[in-house]
Amino acid sequence: MSVEPTGIKTIVVDSVPLLQSVIDAAIEGLGTNSPSLFLDLEGIHLGRHGSISIVSLYVPSRETVYLVDVFKLEKESFSTVNSDGKSLKFILESPDILKVLFDLRNDSDALFSLYGVSLDGIRDVQLMELATRRGSKEFLAGLGKCIVRDSTISAAQKKEWERTKRSTRRLFDPALGGNYEIFNARPIKPGVAKYCAGDVTVYNAQLSRPGEDFWAVQVLKATKERIKLSQTSNYNGHCRSNARGPWDREYIKEATDQWNDEIMENAMHPDDDDDDDDFLRTLEDHSDQQDCGSTSFKEMFEYTRVLESRVGFWRC
């Protein structure tokens, strides 16, 4: 079943053979230097105590959004393999396939708790926006604010995206007279399909301004910490403190001092300074050793371009 809600082809994936072809499409031509897959999940009370109804996958090279019907396929959504033995679980867990999400925490919680999928290779656009933001980094921004403030899409496209979000929200938000069960209604309603497709094409950002490697490493580290936190037994996806960013002033000062010390140390040992890429890999390894502890695809695709112009996140 296919619908055309946003100018990008949208296909509902509700059978094993179709899912196998989607796995082929998602893997074909994937690069490791820039993200080729954009994700979003919809469900009822998304998290360990809820359910996943739809996994939206946007593959820019194919200009297609695939809506994997988890409500119908259940565990087969993640266990089904293609002719090469690759599954959706393999794609989501691969550290070598770069994938983009906006605020991965509840998505990660649901995937890990309900289906044993442990995300890796993730770039979290919410953290990227926070890192590149001028001024206070105390509170995180929602996707809507990010799109309105930073996206390069036209004013007309922004209005259309906001209109789709509002109209569909009335269908599922109990406060507006809706019901989350709308995501489990089959066949998937065109409005819901448009909402899911829109919720993933918005991510693409621009993240490669020179001189911002410090924040690239901080985003990578914070993303890994988010994944770890979402998999702990006491994670609460609806805690009010989740609105705060991971970097307060004290953290930024300490991390900056340490970063500058490492740069100085590197400068004093030129034999170790083969090239910038080796240095970045060393910094990433160092951050690993110190590790502690709903959205529109086309618009997110364009938004990722905006952020990409600021920080080189993809190569970390």
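Tyr115 is partly exposed in this predicted model. Its relative accessibility is 23%, and the buried class ends under 20%. Phe78, in contrast, counts as buried, at 3% relative accessibility.

The whole structure holds five aromatic pairs. One of them joins Phe78 and Tyr115. Their ring centres are 4.7 Å apart, and the planes meet at 40 degrees. The pair is therefore classed as tilted, since its angle is neither under 30 degrees nor over 60. Phe78 belongs to helix H3 (residues 76-79) and Tyr115 to helix H5 (residues 105-115). The contact thus ties together parts that are 37 residues apart in sequence.

Phe214 and Trp215 form an edge-to-face pair. Here the centre-to-centre distance is 5.0 Å, with 75 degrees between the planes. Both residues are buried. Phe214 and Trp215 also belong to one aromatic cluster, together with Trp247 and Trp259. Lys137 lies over the face of Trp215, at 4.8 Å from the ring centre. A second lysine, Lys86, is placed over the face of Phe90. Its distance from that ring centre is 5.2 Å.

Asp40 is located in strand E3 (residues 37-44). This residue is buried, with a relative accessible area of 3%. Its C-alpha atom is 5.1 Å from that of Ser56, 16 residues away along the chain.

Across the protein chain, 13 helices and seven strands are assigned. The chain has 316 residues, of which 50% count as buried. Its accessible surface is about 14,800 Å². Carbon and sulfur atoms account for 49% of that surface.

Technical notes
Residues numbered from 1 in each chain as written. Predicted model: local features only at pLDDT ≥ 70, side-chain atom pairs only at ≥ 80, totals over all residues. Heavy atoms only, no water. Helix = DSSP H or I, 4+ residues; strand = E, 2+ residues; numbered from the N terminus. Buried < 20%, exposed > 50% of the residue type's maximum accessible area, 1.4 Å probe, protein only. Areas by Shrake-Rupley, 256 points an atom, 1.4 Å probe, with all protein chains shown as cover. Phe/Tyr/Trp six-rings, centres within 6.5 Å; stacked < 30°, edge-to-face > 60°. Lys NZ or Arg CZ within 6 Å of the ring centre and 35° of its normal.
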